[in-house]
Amino acid sequence: MNKTIVITGGAIGLGRELTRLYCERGHHVVICGRTRSALEEVRSAHQNVTAVCADLAAPEGRRHFLEEIHALEIEVDLLIHNAALQFTYDFVKGCVPVERIETELLVNLLSPMELTTDLLPLLKTSGGARVVFISSALARVPKRSAPVYCASKAGLSVFAMALRYQLEDTGIRVSDVVPDLIVTRMARGRGDKALSAFEAAGKIIAGLDKGKDEIRLGRVPILYLLHRFVPGLAYKVLKAA
């Protein structure tokens with residue numbers, strides 16, 4: 001059965017691979033992104049894509065994306081919150097731009113909350129819908145250089161768990177996905193053990209097909225075990241990542 005899938009940040013990196021794989025299954029995929037050329041590339045490659053140019057850091061961008069979804073008059077079977085930003089900061093040196101902090105929190109945390117709230121009626125009517133949050137191992141074991149990103153992903157994971165509790169009797173499932181390092185623009189040059197976006201997308205979809213509420217990719221299960229039994233070592237390993 002063909003489904004309607006909404007993916008934020010669906011034109012680049014992991015989001016693009018998720019879009020491609022779901023399109024190849026024949027599903028209708030609705031994506032958003034800030035880069036019009038990337039959106040056009042995806043739309044030209046897949047006839048079953050609806051691409052919306054929207055900046056999720058801006059209130060008008062979020063409204064525009066939601067309006068475009070509602071205008072389709074569809075049910076939403078799967079909502080994947082994939083879009084994210086990561087900036088580096090040095091609070092000791094000062095000159096930390098508050099606007100950048102706000103932008104990072106808006107995209108990584110507030111936007112998923114707002115979009116989920118607005119789209120819940122469309123998720124409820126589909127029957128067996130699922131909301132997916134792409135989190136990060138840095139939510140549990142943070143690194144020094146990206147404190148806002150780590151905090152936003154920690155908030156996202158906690159929100160996903162609390163939302164799962166609230167939606168238990170609605171038929172809507174909630175999944176928290178924690179990838180290993182993925183070869184994307186965000187992680188460029190950060191290690192040779194990173195998963196390809198294609199590989200990560202395939203593993204995520206396989207986990208969702210099995211109905212998993214928690215999906216851990218690559219080395220993440222090992223890191224979580226380390227954090228459980230030797231937390232000091234886990235923090236040391238990730239501190240300077």
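1. Surface of the chain. The chain exposes about 12100 Å², and 55% of that area is supplied by carbon and sulfur atoms. The structure discussed here is a predicted model. Buried residues account for 47% of the 241 residues in the chain.

2. Charges. Among the side chains, 31 are positive and 26 are negative. The centres of these two sets are 9 Å apart.

3. Overall fold and dimensions. The chain contains 8 helices and 7 strands. Its radius of gyration is 17 Å, close to the 18 Å given by the globule rule for 241 residues, so the chain is as compact as a globular protein of that length. The C-alpha trace spans about 50 × 40 × 35 Å along its principal axes. Of the contacts between residues at least 6 apart in sequence, 65% join residues at least 24 apart.

4. The largest nonpolar core. This core has 31 residues. Those with the most contacts inside it are Val6, Phe65, Ile69, Val76, Leu79, Leu123 and Phe133. At least two core residues are supplied by each of strand E2 (28-33), helix H3 (59-71), helix H4 (98-126), strand E5 (130-134) and helix H5 (147-166). Helix H4 gives the largest share, with 7 residues. A second, separate core has 30 residues, and Tyr22, Val49, Ala201 and Leu217 are among them.

5. Isoleucine 69. When residues up to four places away in sequence are not counted, isoleucine 69 touches Val6, Val30, Ile74, Val76, Leu119 and Leu122. Two of these partners, Val6 and Val76, are also listed with isoleucine 69 among the residues with the most contacts inside the largest core.

6. Valine 30. This residue belongs to strand E2. Is valine 30 buried or exposed? Its relative accessible area is 1%, and valine 30 is therefore buried, the cut-off for that class being under 20%. With residues up to four places away in sequence not counted, valine 30 touches Thr4, Ile5, Val6, Ile7, Thr50, Phe65, Ile69, Leu72 and Ile74. One of these partners, isoleucine 69, is 39 residues away along the chain, and the two C-alpha atoms are separated by 7.7 Å.

7. Glutamate 73. The loop between H3 and strand E4 (78-81) holds glutamate 73. Its phi is near 55 degrees, which is a positive value in a residue other than glycine. The relative accessible area of glutamate 73 is 74%; because the exposed class begins over 50%, this residue is exposed.

8. Histidine 46 and arginine 20. Histidine 46 is in the loop between helix H2 (36-45) and strand E3 (49-53), whereas arginine 20 lies in helix H1 (residues 13-24). Which residues does histidine 46 contact, leaving aside its neighbours within four places in sequence? They are Arg20 and Cys23. Under the corresponding condition, arginine 20 touches His46 and Phe198. Histidine 46 has 16% relative accessibility and arginine 20 has 22%; because the buried class is under 20%, histidine 46 counts as buried and arginine 20 as partly exposed. Arginine 20 and aspartate 209 are 189 residues apart in sequence, and their C-alpha atoms are 16 Å apart in space.

9. Glycine 171. The position of glycine 171 is the loop between H5 and strand E6 (173-178). Glycine 171 is partly exposed, with a relative accessible area of 39%. Leaving aside its neighbours within four places in sequence, glycine 171 is in contact with Gly128 and Ala129. Glycine 171 and glutamate 41 are 130 residues apart in sequence, with 35 Å between their C-alpha atoms.

10. Aspartate 213. Where is aspartate 213 found? Its place is the loop between helix H6 (197-209) and strand E7 (214-216). A relative accessible area of 21% makes aspartate 213 partly exposed. Residues up to four places away in sequence not being counted, aspartate 213 touches Arg130, Arg164, Arg173, Val174, Ser175 and Asp176. Aspartate 213 and valine 49 are 164 residues apart in sequence and 26 Å apart in space, from C-alpha to C-alpha.

Terms used: Residues numbered from 1 in each chain as written. Predicted model: local features only at pLDDT ≥ 70, side-chain atom pairs only at ≥ 80, totals over all residues. Heavy atoms only, no water. Core = buried A, V, L, I, M, F, W, Y, C linked by side-chain atoms within 4.5 Å. Buried < 20%, exposed > 50% of the residue type's maximum accessible area, 1.4 Å probe, protein only. Helix = DSSP H or I, 4+ residues; strand = E, 2+ residues; numbered from the N terminus. Contact = heavy atoms within 4.5 Å. Rg over C-alpha atoms; globule rule 2.2 N^0.38 Å. Areas by Shrake-Rupley, 256 points an atom, 1.4 Å probe, with all protein chains shown as cover. Lys, Arg positive; Asp, Glu negative; His and termini not counted. Charge placed at Lys NZ, Arg CZ, Asp CG, Glu CD.
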